[in-house]
Amino acid sequence: MEIIMHQVGKGKDDKTVRMQDKEMAEHYTSYRILLIGSGGREHAMAASIARSPRCAKLFVAPGNAGTAECGENVALATDDFNAVRQFVLENHINMVVVGPEAPLVAGLADNFAKDPLLKQIAFIGPSQRGAMLEGSKDAAKAFMMRHNVPTAAYRTFTRENIGEAFTFLESLQPPYVLKADGLAAGKGVLILPDLETARQSLREMLEDAKFGAASAKVVIEEFLCGIELSVFVLTDGEHYLILPSAKDYKRIGEGDTGLNTGGMGSISPVPFANEDFMSKVEERIVRPTVEGIHAEGIDYKGFIFVGLMNRGGDPYVIEYNVRMGDPETESVFPRIQSDMVELFEQAWKGTLDKAVLKVNPQTAACVMMVAGGYPEKYEKGKEISGLDKVEGSLVFHAGTKRDERGCLRSNGGRVLCVTSFADNLQEALDKSYASVRKINWEDCYYRRDIGQDLLGY
């Protein structure tokens, strides 16, 4: 009997694959996938998903101009769980992949798990309880303490005990680290140079609600000196795969100066994250984290993003996130050669112990292009040119849209991300910057020093 399965390639039209072997056809499930998100992370994920022969149809909600080249963008309010449910059922979705953290912290996975019509759908993203590893800095630190995961010393305070918070600040050495407990759109972590500034910022967070409800509680922690990196894990709640490492660059200015951003670029792999260091990361951090999730009965099928500090060769956790990072995804996902849909299926089924991760050994260098004025006030709607001149690099869309004439325009602070591969970091950087210089819009900006701190390793 001839079996017809569906797959999607570049573009959004279904293709068919005819399979003569019935047993093979029955072994592989074809997925109609809903990917939630709209940034560069989602474009990189969409590109990997669309390459899979297991993908029958890809929808991206709400997506951007780049994801529209990989699948079909849909104007779906992803914070409206009833609307998500209706779309999933009407479009026969059998896999959902969540890019950003907000729907997970809001409990989208739980919404699926308790619905008789949705609970059999493969859902990649942790339960609300698992998402608290990112949704609450205090909960994450308490989890680390319970499972002996190395991290900075800390205490958590509210408005009611702000006096004790001031006393704790005085016991620390500068700089001072203040973290809003809840989600604050990446802006809730402050690193402050002196005690008076720290006291004032703490008062603004707790008494003046600087970050709204997110700073009703504030975590004050010891400053860890070292060099940062990101380690990404895909887990089924019991088994795990450690994905390629990456280092991102948060500050807007060259030399890591100025305001924090969503990320100005990334490098993968991280040169100093050698076999010895990564062995420490796995033994001291990844394994106890996943074992802790399993021991506490947390439903967790998805990504763990471990923000680390390399402190004299020893890893310490700065924070957990419960999704892939951005712009790290734009350098990590293109290096993964395994079928991502198959890995997602194994995560959902609890069989990641049988998974095989294949990774491109080359270095990926990613440079983010942003709107002038970002991360403060900036303008949208600028016409983008030069993409047709780019060769030998990948361009991921972060904040873009097409107007009624099909013209590509900026639609966010971070607009485009250029990623290139080479056998060494310098060559990868040279390729990315050569491509960046071919792209233009009015008042665009990018850092020219991405990866320079890693060239000496």
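This is a short selection-by-selection tour of a predicted model.

**Stop 1: the open sheet**

Select β3 to β7. They form an open sheet of five strands in the order β5-β4-β3-β6-β7, and the pairing is parallel. Which strands sit at the edges? β5 (72-73) and β7 (122-124) do, since each pairs on one side only.

Zoom in on β5. Two bridges join it to β4 (residues 55-62), and the two strands run parallel. To find one of the contacts of this pair, pick V60: its bridge partner in β5 is N73.

Now add α2 (residues 40-51). This helix lies across β3 (31-37), β4 and β6 (95-98). Relative to β3, α2 runs at about 170°.

**Stop 2: H92, on the way into β6**

Select H92. It lies in the loop between α3 (81-90) and β6. Check its backbone: phi is near 55°, a positive value in a residue other than glycine. Is H92 buried or exposed? With a relative accessibility of 58%, H92 counts as exposed, because the cut-off for that class is over 50%.

**Stop 3: helix α6**

Select residues 128-135, helix α6. Colour G130, A131, L133, E134 and G135: these are its buried residues. Then show what covers them. The cover includes three helices, α4 (102-105), α7 (137-146) and α10 (275-295), along with strand β19 (314-321).

**Stop 4: two cis peptide bonds**

Go to P174 and P175. A cis peptide bond joins them, with omega at about -5°. P175 is in the loop between α8 (162-170) and β9 (176-180).

Next, select Y374 and P375. The peptide bond from Y374 to P375 is also cis, and its omega is near 10°. Here the setting is the loop between β20 and β21 (394-397), where P375 lies.

**Stop 5: K358**

Move to K358, in the loop between α12 (340-349) and β20. K358 has a relative accessible area of 52%, so it is exposed. What does K358 touch, leaving aside residues up to four places away in sequence? Its contacts are R335, I336, Q337 and S338. Add D339 to the selection and set a distance between C-alpha atoms. K358 and D339 are 19 residues apart along the chain, and their C-alpha atoms are separated by 8.9 Å.

**Stop 6: helix α13**

Select residues 425-436, helix α13. Start with its length. Twelve residues at 1.5 Å a residue should span 16 Å, and the end C-alpha atoms are indeed 16 Å apart, so the two agree.

Colour the buried residues next: L425, A428, L429, S432, Y433, S435 and V436. Look down the axis. These residues cover an arc of only 160°, which means that they are on the same side of α13. Which strands help to cover them? Among what covers the buried residues are β17 (265-268), β20 (363-371) and β24 (414-422).

Now look at the start of α13. A side-chain oxygen of N424 comes to within 3.2 Å of the backbone nitrogen of Q426.

**Stop 7: D443, beyond α13**

Finish at D443, in the loop between α13 and β25 (444-445). Its phi is near 70°, a positive value in a residue other than glycine. D443 has a relative accessible area of 54%, so this residue is exposed.

Key:
Residues are numbered from 1 along each chain as its sequence is written. This is a predicted model: local features need pLDDT of at least 70, side-chain atom pairs count only at pLDDT 80 or more; totals for chains, interfaces and linings use all residues. Side-chain values use heavy atoms; hydrogens and water are left out. Helices (H or I, at least four residues) and strands (E, at least two) are DSSP runs, numbered from the N terminus. The expected span of a helix is 1.5 Å times one less than its number of residues. Buried means under 20% relative accessible area, exposed over 50%, partly exposed in between (1.4 Å probe, protein chains only). The arc is that of the directions from the helix axis to the C-beta atoms. Contact means heavy atoms within 4.5 Å. A polar contact is a pair of N or O atoms within 3.5 Å; within protein, one must be able to donate a hydrogen and the other to accept it, and residues adjacent in sequence count only if both atoms are side-chain atoms. Two strands pair if DSSP finds at least two bridges between them. Axes are lines fitted to C-alpha atoms, for helices over the stretch in contact, and angles run from 0 to 180 degrees between N-to-C directions.
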